[in-house]
Amino acid sequence: MKPVVGCDLDDVLADFITTFVRVANQLYGRPANVLARPTSWEWDGMDLSPREIDGVWHRILKTPNFWETLGVLPNVDPFLVAKLEERSDLYFPTARARGAGNDVANQSAFWLQNNFGIEFPRVIVSNEKGPLAQALKYDYFIDDRAKNCLEVKQARPECKVFLNDACHNQSFDLTEQGIPRIRGFNEFAKVVLSGE
Ligand SMILES: [Mg+2]
């Protein structure tokens, strides 16, 4: 039987942070260095006020089909994405916000088709990653947000959950909760494909 896999999109496959920082820099001139990266989920270290962070989101969600425009993270191997799609029941749960243009699930599916050649990507837009994990019976799950990893592990303890290494989650150590940190999607795909 194929394993069931839940794979988050932003900052696991898609490079959302780079685009967010670039938009902030265009709007406010900050962060002055577009290579600066947030040190928390709340965009600490970006030299932006809460109002400016809202301003960046406003611009993003006003951009038609924004979610189709993101780049692929540089260390993601499209071959491994396609292989994982072939060898598992692969779901893409995402908490992406609805914005201008096509439905956010369709924007996300189009992005996956376009970048990885997946014909019918199973994208599910929801904030409730725990209940989804339970309902879909994940065997494996990867996300860059500690909160989501913890919710999935709690809802489905038998699932092998991985925290994707990211600039904003360095303060989290979830190993005691049975959630190892993993260095990127490729390593995750190799774990799933080897049946570890
Ligand atoms: Mg994410």
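**Ground rules**

I count a residue as buried under 20% relative accessible area, exposed over 50% and partly exposed in between, using a 1.4 Å probe on protein chains only. The model is predicted, so I take local features only at pLDDT of at least 70 and side-chain atom pairs only at pLDDT 80 or more, while totals for chains, interfaces and linings use all residues. I number residues from 1 along each chain as its sequence is written, and side-chain values use heavy atoms, with hydrogens and water left out.

**Entry 1: the magnesium site**

Which residues coordinate the magnesium ion? I found D8 (OD), D10 (O) and D144 (OD), at 2.1 to 2.2 Å. Donors here are N, O and S atoms within 2.8 Å of the metal (3.2 Å for Na, K and Ca), and since water is not among the atoms, the site may look incomplete. Along the sequence the donor residues are spaced D-x1-D-x133-D. D10 sits in the loop between β1 (4-7) and β2 (14-15), and D144 in the loop between β6 (140-143) and α6, so this pair ties together parts that are 134 residues apart in sequence. For the element names I use DSSP runs numbered from the N terminus: helices are H or I with at least four residues, strands are E with at least two. I also checked burial, and both D10 and D144 are buried.

**Entry 2: the largest pocket**

Next I went looking for open space. Rolling a probe the size of a water molecule over the atoms shows where empty space is left. A pocket is, on a 1 Å grid over the protein atoms alone, an open set of points where a 1.4 Å probe fits, with protein on both sides within 12 Å along at least five of seven lines; lining residues have an atom within 4 Å of a point. The largest pocket holds about 520 Å³, where volume is the space filled by probe spheres set on the points, joined across faces, edges and corners. I get 23 lining residues, and D10, W41, W57, A95 and R145 are the closest to the centre. D10 thus turns up again, after its part in the magnesium site.

By class the lining has 9 nonpolar, 5 polar and 9 charged residues. My classes: Ala, Val, Leu, Ile, Met, Phe, Trp, Tyr, Cys and Pro are nonpolar, Asp, Glu, Lys and Arg are charged, and the others, Gly among them, are polar. Helices α1 (16-28) and α6 (146-155) each supply at least two residues of the lining.

Why do I place this pocket between the domains? Domain 1 (4-14 + 70-194) and domain 2 (17-66) both give residues to its lining, so it lies between them. The domain bounds come from an automatic or database assignment.

**Entry 3: the second largest pocket**

This one holds about 290 Å³. I count 16 lining residues, with D11, L73, D165, A166 and C167 nearest the centre. They divide into 7 nonpolar, 4 polar and 5 charged. Both domains contribute to the lining here too, so the second largest pocket also lies between them.

**Entry 4: the nonpolar core**

In soluble globular proteins, nonpolar side chains tend to be buried together. A nonpolar core, as I use it, is a set of buried Ala, Val, Leu, Ile, Met, Phe, Trp, Tyr and Cys residues joined through side-chain atoms within 4.5 Å. The largest one has 45 residues, and L13, F92, F185 and F188 touch the most other members. The elements giving two or more residues to this core include β1, α1, α2 (50-62), β4 (89-94), α4 (104-116) and α7 (185-194). It draws at least three residues from each of domain 1 and domain 2.

**Entry 5: backbone oddities between α1 and α2**

Most residues other than glycine have a negative phi, and most peptide bonds are trans. I went hunting for departures and ended up in the loop between α1 and α2, where P31 lies. The peptide bond from R30 to P31 is cis, with omega near -5°.

W43 is in the loop between α1 and α2 as well, with phi near 65°. At 11% relative accessibility, I log W43 as buried. D47, also in that loop, has a positive phi of about 60° without being a glycine. Is D47 buried or exposed? It comes out at 52% relative accessibility, so D47 counts as exposed.

**Entry 6: spot checks**

V161 is in strand β7 (residues 160-164), and at 0% relative accessibility it is buried. N102, in the loop between β4 and α4, is partly exposed at 41%. From N102 to W67 I read 9.5 Å, C-alpha to C-alpha, across 35 residues of sequence.
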